[in-house]
Amino acid sequence: MEPTSFLVTVSEEEIRRERRKARELRASQWWKRKRALGLCHHCGGKFSPAILTMDHLVPIIRGGKSTKGNLVPSCKKCNSERQHRLSFEETPQ
Ligand SMILES: [Zn+2]
């Protein structure tokens, strides 16, 4: 295996697995407590917990995992801005 600088190859299966883990974590007390704070990780704004989405800091498609350290609450605005930037980022919800 040769080391890759920034190109990460993620298989369909890995993407499915990480998305499943994200779904499980979204139902967890950990996430509910985090979201209940109502803070967007990116802009620091305060929002209604109901509109915060789960965002991967490192997108799954770029090798990011569905771990607590890689999952943050994001408001819709930051989320859609990120989607634009990372043209094919997955939809978090
Ligand atoms: Zn935000």
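Leaving aside neighbours within four places in sequence, L39 makes contact with G44, K46 and P73 in this predicted model. The residue belongs to the loop that connects helix 2 (29–36) with strand 1 (53–56), and L39 counts as partly exposed because 19 C-beta neighbours lie inside 10 Å, whereas 20 or more would be required for a buried residue. With respect to L52, from which L39 is 13 residues apart along the chain, the separation of the C-alpha atoms is 8.2 Å.

L52 also serves as a reference point for K76, a residue of helix 3 (residues 76–85). K76 and L52 are 24 residues apart in sequence, and their C-alpha atoms are 6.7 Å apart in space. When neighbours within four places in sequence are again left aside, the contacts of K76 are with I51 and T53. K76 is nevertheless classed as exposed, because 12 other C-beta atoms are found within 10 Å and the exposed class comprises residues with 12 or fewer.

These local descriptions can be placed within the overall arrangement of the protein, in which the secondary structure amounts to three helices and two strands, following the order α-α-β-β-α from the N terminus on. Of the 93 residues in the protein, 16% are buried. As regards the contacts between residues at least 6 apart in sequence, 59% join residues that are at least 24 apart.

Terms used. Residues numbered from 1 in each chain as written. Predicted model: local features only at pLDDT ≥ 70, side-chain atom pairs only at ≥ 80, totals over all residues. Helix = DSSP H or I, 4+ residues; strand = E, 2+ residues; numbered from the N terminus. Contact = placed C-beta atoms within 7 Å.
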